[in-house]
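Student: I am new to this structure and would like a close look at a single part of it. Please start with a strand and its neighbours, then follow the connections outwards.

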Amino acid sequence: TEGAKLTMFGGGSQREPKLSAVADYGADLDNYKWTQDQNEVTITIPLEAGTKAKDLDCKIGVKGVKFGLKGQKPIIEGNWYAPIKVDESTWTYEAGSHEAQLIIVKREKGDKDWWKSAIVGDPEIDVDLIEGSKYLDDSLLKKVKEAKQQQKMEQIRKEQEEAAKEFDALPDGPAAPPQA
């Protein structure tokens, strides 16, 4: 059927809903980009030309990751948004591709486990839009996204106004020292 992908899992099958064109399922950050579906998180890390697999250092744990070039500061290091299945997760690098991929299998599979970020502390996506995509068509979802962005901008404007008022209320600098 259109809009559904049939995926085989050990003799059974599961229907995965169509992903919305409006909702963000991941993010494109400075040092990596990531996306997700109900079962996996895929992280793509750009690498310089000439990088060899033996130059890479990757440690994938239940709660976190460390990935980079041996002997250098890691490109990615931190805790996962949620625990993962380490034995089913992996990483790949093909010479000449200029990027490595981490394929991370979520511990809790299904619609209720959308990650807000791949690594805790990194910018978060709006998982409410992903949930909303199950019930709204893309035109309505786009309106919801725009309204949320407008609310966020209004909140930032209010915070800036408050900060400006607090700054204006400060005294004009130190008083002159008393003359002896």
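Tutor: Two strands count as paired if DSSP finds at least two bridges between them. Strands (E, at least two residues) and helices (H or I, at least four) are DSSP runs, numbered from the N terminus. The model is predicted, so to speak of a local feature here requires pLDDT of at least 70, and side-chain atom pairs count only at pLDDT 80 or more, while totals for chains, interfaces and linings use all residues. Residues are numbered from 1 along each chain as its sequence is written, and side-chain values use heavy atoms, leaving out hydrogens and water.

The part to look at is strand E5, residues 40–46. On one side, strand E4 (residues 33–36) pairs with E5 in the antiparallel sense, over four bridges. Three residues make up the hairpin that joins E4 to E5. Within this pairing, valine 41 of E5 stands opposite glutamine 36. E5 also pairs with E10, again antiparallel, and here seven bridges join them. Strand E10 covers residues 99–105. One facing pair in that pairing is glutamate 40 and valine 105 of E10.

How much of E5 is buried? Five of its seven residues are, which leaves the strand mostly covered. Buried here means under 20% relative accessible area, exposed means over 50%, and partly exposed lies in between (1.4 Å probe, protein chains only).

E5 also contributes to the largest nonpolar core, along with E6, E7 and E10, each of these strands supplying at least two residues. Such a core is a set of buried Ala, Val, Leu, Ile, Met, Phe, Trp, Tyr and Cys residues joined through side-chain atoms within 4.5 Å. This one has 28 residues, and those with the most contacts inside it are Tyr32, Trp34, Ile43, Trp80 and Leu102. In soluble globular proteins, nonpolar side chains tend to be buried together.

Trp34 is worth following from there. Setting aside residues up to four places away in sequence, the residues that tryptophan 34 touches include Val41, Thr42 and Ile43. Also among them are Tyr25, Leu29, Trp115 and Ile125. Contact means heavy atoms within 4.5 Å.

Two of the other core contributors, E6 and E7, belong to a sheet of three strands. This open sheet has the order E6-E7-E8, with antiparallel pairing. Strand E6 (56–60) and strand E8 (76–79) are its edges, since each pairs on one side only. Strand E7 spans residues 64–69 and is joined to E8 by four bridges. Lysine 66 has glutamate 77, in E8, as its bridge partner.

A charged pair is also found in E6's stretch: aspartate 57 and lysine 59 meet through their side chains in a salt bridge (3.0 Å, N to O). A salt bridge is a side-chain nitrogen of Lys or Arg within 4 Å of a carboxyl oxygen of Asp or Glu. Aspartate 57 is partly exposed, at 26% relative accessibility. The whole structure has three salt bridges. Arginine 157 forms one with glutamate 154 (2.2 Å, N to O) and another with glutamate 161 (2.3 Å, N to O). By their shared partners, these salt bridges join Glu154, Arg157 and Glu161 into one network. Arginine 157 and glutamate 154 are about one helical turn apart because they lie three residues apart in helix H2 (residues 138–168).
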